[in-house]
Amino acid sequence: MKIGSLKVAFTYAGCIIGAGFLSGQELWQFFGSFGNLGVLGFILAIILQAVLGTVVIKYASASKTYEFDKLIVRKENKPFRLFFIICEVIFIFSVVVIMFAGAGSLIESSFNFSSFWGSIIFATIITIVAFLGINGITKILSLTIPLLTITTVIISIMAISKFGYPSFKSLEVTGKTPLMPNFFIASILFSVHNLFCSLGVLAP
């Protein structure tokens with residue numbers, strides 16, 4: 001099975017938007033809350049994710065493996081690989097559960113439909129998509145990501161036209177925490193988190 005570079009790009013973007021931190025709240029926390037420096041952090045994060053994603057794909061191709069644990073732990077260290085797999089599974093499972101809950105809440109607020117059954121419906125759709133395999137996932141993301149991108153651009157233009165371009169000059173560093181003391185660390189954490197979420201798809 002051969003997947004073109006454009007489909008790979010859309011799939012990578014889909015992993016970041018779906019499983020990664022790419023909502024308005026996270027963009028504000030990791031970048032916007034640091035003022036003008038957050039813009040530099042955002043640019044750095046884009047570069048890091050492009051470079052790291054390319055490294056993963058190139059290395060997976062060269063090593064002829066789609067098992068992401070072998071891409072991270074090169075030596076035959078079974079305990080460490082098992083530890084990494086457990087962390088990856090727990091992490092992705094947690095993210096998926098949060099996504100299901102968020103989808104259910106969105107359905108309830110938009111259509112006044114039970115959030116429980118909304119989550120069940122969303123989980124069922126995602127399960128069906130998952131069984132389509134990598135080829136099916138790339139086809140679906142190749143359709144949905146461009147539509148999502150166009151919609152986002154339109155909404156952004158409408159928001160800027162109505163409220164004007166936001167100014168970051170007077171903002172305090174509200175996102176500063178022990179784990180994110182500055183924009184540089186925040187951009188690295190953002191990039192690594194997204195890559196970690198994407199390994200299970202990027203490798204295959």
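Begin by selecting leucine 40, which lies in helix H3, spanning residues 36-63; helices (H or I, at least four residues) are DSSP runs numbered from the N terminus. The model is predicted, so that local features need pLDDT of at least 70 and side-chain atom pairs count only at pLDDT 80 or more, while totals for chains, interfaces and linings use all residues. Residues are numbered from 1 along each chain as its sequence is written, and side-chain values use heavy atoms, with hydrogens and water left out.

Leucine 40 has a relative accessible area of 48% and is therefore partly exposed (buried means under 20%, exposed over 50%, partly exposed in between, with a 1.4 Å probe and protein chains only).

Next, add Leu37, Val39, Ile43, Ile47, Val51 and Val55 to Leu40: together they make a nonpolar surface patch of about 600 Å². Such a patch joins nonpolar side chains (Val, Leu, Ile, Met, Phe, Trp, Tyr) within 5 Å, from residues with over 30% relative accessible area and no salt bridge, a salt bridge being a side-chain nitrogen of Lys or Arg within 4 Å of a carboxyl oxygen of Asp or Glu. Areas come from the Shrake-Rupley method with a 1.4 Å probe.

Move then to lysine 70 in helix H4, residues 68-72. Lysine 70 is partly exposed because its relative accessibility is 31%. Leaving aside residues up to four places away in sequence, lysine 70 touches Tyr59, Thr65 and Arg81 (contact means heavy atoms within 4.5 Å).

Finally, select asparagine 112, in the loop between helix H5 (78-111) and helix H6 (115-131). Asparagine 112 is exposed, at 71% relative accessibility.

Note on methods:
Patch = residues over 30% accessible without salt bridge, like charges linked within 9 Å, V, L, I, M, F, W, Y side chains within 5 Å. Helix = DSSP H or I, 4+ residues; strand = E, 2+ residues; numbered from the N terminus.
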